[in-house]
Amino acid sequence: MKSVTRSLRVLEAVAQHQPVTVGELTKLFGLPKSTVQRTLVTLAEAGWLRANREDTTRWEIGARVLAVRPAALQGSSLFAAAREPMIRLRDRVNETIHLSVPDALHSMVVVDRVDCDHPVRTFHTIGDTSPLHATAVGRVILARLPKQDVEELITQGLERFSDTTPADPDELRAELDRIRADGYAVNRNQYRPGVCALAAPVLDENGTPLAAVAISMPDSRYDVKRESEWGGLVAGATEEISGRLLGG
């Protein structure tokens, strides 16, 4: 049981301090370096941790944590607050509705979905991840984060997924300004070809972004003339969810 407890403590420490080195964890726990290294390797083999892509001497949370997080969230206040507004939004627009949460600055994670009845529709598996800068859900989160967090993401590099991905730092900054002014974000084929979305943020009482809700549809059904209408609807849904979380 001691080894299990130690593994959980190491996992929690990595989540809090990631990306973190073996040496930093050794100092934190006062354990032999070999013991910490074995624990990290064991957790990595099980999928709970992974080596940082840019610096393989540092460790961060792995994919298995992201896979179990949605199940945990289903019992959370966020899931409960969001479910009915998402269903009503789906009924208004008859398109797929997604609820996603940020995994720090690493990605957005899909935690709930309400499907439309179109035979051709967009689909994201619960637990799917996507980059913040290339998606509507990610950019509405970025637009509400402190400037230093946005600049940190930019220094990590902005991958281009299509010709329209905002991979240029100035282009991304300008897009975030537009999102702050409009209250919602638009993604037209910027991440996945043929997939479009409009998203708005769920905020806490301090204006910190907790999650994002998106209306997602194939490009063949996207209508530029309805952007303002759809944007207003998804923003209204997230305002209701925020109010429910605050007890309003």
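**Exercise 1. Is Y184 buried or exposed, and at what relative accessibility?**

The model is a predicted one, in which local features need pLDDT of at least 70, side-chain atom pairs count only at pLDDT 80 or more, and totals for chains, interfaces and linings use all residues. Residues are numbered from 1 along each chain as its sequence is written, and side-chain values use heavy atoms, with hydrogens and water left out.

Step 1. Locate Y184 in the loop between α8 and β7 (185-188), where helices (H or I, at least four residues) and strands (E, at least two) are DSSP runs numbered from the N terminus.

Step 2. Y184 has 13% relative accessibility and therefore counts as buried, the term meaning under 20% relative accessible area, with exposed meaning over 50% and partly exposed in between (1.4 Å probe, protein chains only).

Step 3. Leaving aside residues up to four places away in sequence, Y184 touches V140, I179, L198, A199, E227, S228, G231, G232 and V234, contact being heavy atoms within 4.5 Å.

**Exercise 2. Find which side of helix α3 (residues 33-45) is buried, after checking its span.**

Step 1. The 13 residues of α3, at 1.5 Å a residue, should span 18 Å, and the end C-alpha atoms are 18 Å apart, which agrees; the expected span is 1.5 Å times one less than the number of residues.

Step 2. List the buried residues of α3, which are T35, V36, T39, L40 and L43. These cover an arc of only 135° around the axis, which puts them on the same side of α3, the arc being that of the directions from the helix axis to the C-beta atoms.

Step 3. An α-helix has 3.6 residues a turn, so residues three or four places apart point the same way.

Step 4. On the face of α3 turned away from the buried side lie the exposed residues K33, R38 and E45.

**Exercise 3. Describe how helices α5 (residues 77-93) and α9 (residues 227-245) pack.**

Step 1. Their axes lie 9 Å apart and the packing angle is about 155°; axes are lines fitted to C-alpha atoms, for helices over the stretch in contact, and angles run from 0 to 180 degrees between N-to-C directions.

Step 2. α5 and α9 are therefore roughly antiparallel, since angles over 145 degrees count as such, under 35 as roughly parallel, 65 to 115 as roughly perpendicular and the rest as oblique.

Step 3. Among the residues that meet are L78, R88 and L89 in α5 and W230, E240 and R244 in α9.
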